[in-house]
Amino acid sequence: MENYMNLGNEKPTVQLVPGQAQWTSKNGNNFYIHGVECILEISVKSDRIVRFRYAPYGLFQKDFSYSTAHQFLEADTWTEFLENDNHYTIQTSLIQCLILKENMKVTILDRNGKILCEDEKGYHWEDNISKGGEIVLMSKKIQSGAFFFGLGDKAADSNLRGKRFQLWGKDHYAFGKNSDPLYKNIPFFLGLHHKMAYGIFFDNSFESYFDFGYERKNVYSYWANGGEMNYYFIYGPQLLKVVETYHQLTGVPELPPLWALGYQQCKWSYYPEAQVRQIVNEFRTRKIPCDAIYLDIDYMDGFRCFTWNKDHFPDPTKMIAELEQQGFKTVVIIDPGIKIDKDYWVYQEALEKGYFCKRKDGALMKGSVWPGLCNFPDFTNPQVRAWWAGLFKGLIAENGVRGVWNDMNEPAVFEIETFPDDVRHDYDGDSCSHRKAHNIYGSVMAKATYEGMKLNAPERRPLVITRSAYSGVQQYSSVWTGDNMASWEHLWLANVMVQRLNVSGISFSGTDIGGFIETPSPELFVRWIQLGIFHPFCRTHSSGDHGDQEPWSFGIEAEAIFKKYVELRYQLLPYIYSTFWQHITKGTPMIRPLAFLDQMDTETYYRQDEFGLGNHLLICPIVQPGVEGRWLYLPSGCWYSYWTNEKFYGGMETWADAPLDVIPLYVKAGAVLPQYPIMQYVGEVKIKQLTLKVYYHYDHETSELYEDAGDGYGYTKEECCTKKFITFGDDLQFEIHQEISGKYMSSYNTYCVIVYGLPYLPKEVCNDNEVIGFEYDKISNKLTFETDVNFKRLLII
């Protein structure tokens with residue numbers, strides 16, 4: 001028996017296989033291969049998504065997942081079923097699945113006959129004698145030159161090959177590189193070989209494992225200690241298409257409020273009220289932009305959720321309203337542990353209604369977290385989720401809190417790490433043990449919190465942040481990477497982990513800038529904010545016992561650089577917001593590793609530091625101390641340095657100067673990059689003019705600017721606007737075309753257009769055939785002019 005299949009059983013167990021196919025049946029696009037020992041259900045969900053479910057002994061389990069993937073079906077997908085002497089074939093317009101009659105092993109090919117994914121031993125299982133059910137396993141051949149990406153928040157190199165990982169959410173304080181498991185449970189990964197990409201989503205919430213050639217170098221495998229072998233194959237062949245299609249299965253978020261893409265400040269803990277006010281006043285006095293201030297557990301009365309410590313915060317409603325007048329939205333932490341206290345109203349309600357998790361023998365699940373001994377709500381019960389949502393009335397509807405941060409929801413318990421296996425859960429009517437519910441507990445808590453914010457502030461878009469998560473959590477919540485450290489290794493991890501989360505379906509993600517544990521040096525703090533402003537979720541957070549971590553805590557130089565980059569974040573908000581819109585409409589990840597930008601160039605597969613934000617920005621952070629530059633790799637095409645406007649050609653390495661106040665940042669040639677004026681918070685000033693930075697290129701390039709009110713749900717009723725810019729040129733002229741759609745009217749009526757890199761001396765600028773004035777700086781090769789927002793064609797000759 002291979003080691004990777006020995007899961008710690010006291011006695012060797014028999015591994016069972018499906019056996020020979022006996023007969024087939026069909027129901028719509030669901031095909032059933034009936035074997036000697038099990039049934040294989042193959043469901044064609046779309047032309048590029050095929051689902052595989054195995055039922056040992058012919059018994060399928062209830063078809064339900066908190067990922068919501070089981071609900072997906074694309075209508076009118078063409079399929080064809082063929083049979084020959086030794087195999088069956090199921091075809092779509094893009095792929096073909098071959099199932100051997102001899103052993104029911106599966107091979108998936110593209111329509112040209114190229115192998116994408118091929119069973120090795122294939123599906124097999126062990127009866128779990130001690131705990132019931134089956135241990136379900138799948139092994140497949142690693143194709144030559146294969147790379148693997150994804151799997152959530154794993155603190156490892158981008159390429160997963162040669163490694164093994166566990167999914168069993170854990171409160172891993174001060175994790176390091178290759179620490180495993182961590183907080184999140186995302187059983188989705190991508191394979192890439194011969195420049196063809198595919199994805200596997202193993203939708204099973206039990207403790208699971210993924211081996212990418214660790215045990216046997218030419219085999220990858222995944223298995224779970226219960227549940228079904230239930231996985232979705234997703235065809236690309238582009239990496240980005242795989243991620244976009246995965247979002248069709250597991251959902252996308254709604255647009256966040258625009259302020260949630262601003263800078264946010266957090267600490268364990270800001271209290272009492274006087275300190276909170278001092279912090280926000282410092283931001284405004286020093287003119288460092290910031291949109292949110294966080295309150296950690298010390299705002300509560302004895303760490304009791306949904307309460308206030310009236311000694312520290314005597315009038316929270318008044319304070320929150322006055323903070324909002326200064327442009328600060330208040331975000332509070334809420335943990336799952338409810339203090340055992342007969343005089344505590346939340347505890348009383350949950351106890352009376354039977355909403356707490358119970359042990360197998362009926363005793364309440366009890367464990368210590370921050371309030372002391374606690375019981376824990378069963379968020380897998382829809383009645384509990386509805387009750388939990390109602391609890392936010394005080395914080396949201398009455399106090400005016402604008403965001404909620406869910407922590408400790410792996411779930412974490414101090415003495416024993418997490419719940420024992422025998423804890424029972426409702427699981428939306430399919431009662432189970434914690435073995436099945438552990439990995440989804442954080443997600444369903446985040447879902448209940450999201451529903452609470454929607455219920456109690458229906459006119460506003462919610463901001464929820466969660467530490468633990470399962471696939472599909474992106475529909476309800478943003479995430480951060482957990483309790484990191486102030487070290488250069490963790491700065492490197494911050495970059496790689498956020499890239500991985502994005503291609504694993506969770507774009508709205510970030511890290512504790514500067515590190516949660518210990519204190520960063522000024523250099524490290526500066527390099528971290530330079531990276532952090534390009535992450536969708538941008539928040540500094542720290543543990544107060546390690547010192548202050550506000551922007552002004554590291555000296556005048558560090559503060560000035562910090563301010564420069566947070567200001568840049570606010571200037572880039574229209575681009576970042578448009579990238580988020582692209583994410584929710586197409587499923588495209590906001591952050592894109594280099595291989596996802598240029599899949600045809602195999603050199604990009606080996607690069608980990610460089611990444612794209614949206615379609616047109618490329619970033620390469622400085623992740624080592626004491627350096628003033630670095631080599632980096634540019635993907636194919638032409639690129640401009642954001643700082644110098646110098647033009648570079650891709651498909652090769654280039655040197656980038658990077659003194660302390662510079663992060664290597666590039667703009668794709670042909671891009672139209674929209675920018676706001678500097679503001680201290682979203683909504684501080686009415687935008688009177690939008691800047692468009694345009695980068696000359698001879699070939700056609702399309703850029704999109706999305707706009708709406710920045711909050712509320714008017715955008716779901718077409719109260720939004722999309723502006724598409726198409727640029728192209730030659731050696732003598734350059735054109736910018738604009739196409740506008742939508743009802744939303746922007747507050748500005750002019751653009752300031754700045755064009756870089758013209759290969760000729762400009763003589764004339766025409767706005768829809770009308771000649772307009774311009775300024776041209778020959779030294780910097782920068783052309784500047786103003787135009788109305790409704791232009792259709794700009795011609796520069």
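In the predicted model, strand β22 is joined by 4 bridges to strand β26 (residues 403–406), the two strands running parallel. Within this pairing, valine 331 of β22 lies opposite glycine 403 in β26. A parallel pairing also links β22 with strand β21 (residues 292–295), here again over 4 bridges, and in this case isoleucine 293 is the residue that stands opposite threonine 330 in β22. The connection from β21 to β22 passes through helix α3 (residues 316–325), giving a β-α-β crossover that is right-handed.

Strand β22 itself, which spans residues 329–334, is mostly covered, with 6 of its 6 residues buried. The side from which Lys329, Val331 and Ile333 point and the opposite side, towards which Thr330, Val332 and Ile334 are directed, are both made up of buried residues. Val331, which faces glycine 403 of β26, and Thr330, which faces isoleucine 293, thus point in opposite directions from the strand.

A separate description applies to an open sheet of 6 strands, arranged in the order β35-β36-β37-β42-β39-β40 with antiparallel pairing. Its edges are formed by β35 (591–593) and β40 (647–649), each of which pairs on one side only. On average, and with direction ignored, neighbouring strands of this sheet are turned by 35 degrees against each other. At the β35 edge, 3 bridges connect this strand to the antiparallel strand β36 (residues 611–613), and isoleucine 591 is placed opposite leucine 613 of β36.

Methods:
Residues are numbered from 1 along each chain as its sequence is written. This is a predicted model: local features need pLDDT of at least 70, side-chain atom pairs count only at pLDDT 80 or more; totals for chains, interfaces and linings use all residues. Side-chain values use heavy atoms; hydrogens and water are left out. Two strands pair if DSSP finds at least two bridges between them. Axes are lines fitted to C-alpha atoms, for helices over the stretch in contact, and angles run from 0 to 180 degrees between N-to-C directions. Buried means under 20% relative accessible area, exposed over 50%, partly exposed in between (1.4 Å probe, protein chains only). A crossover is right-handed if, with the strands pointing away from the viewer, the path from the first strand over the helix to the second runs clockwise.
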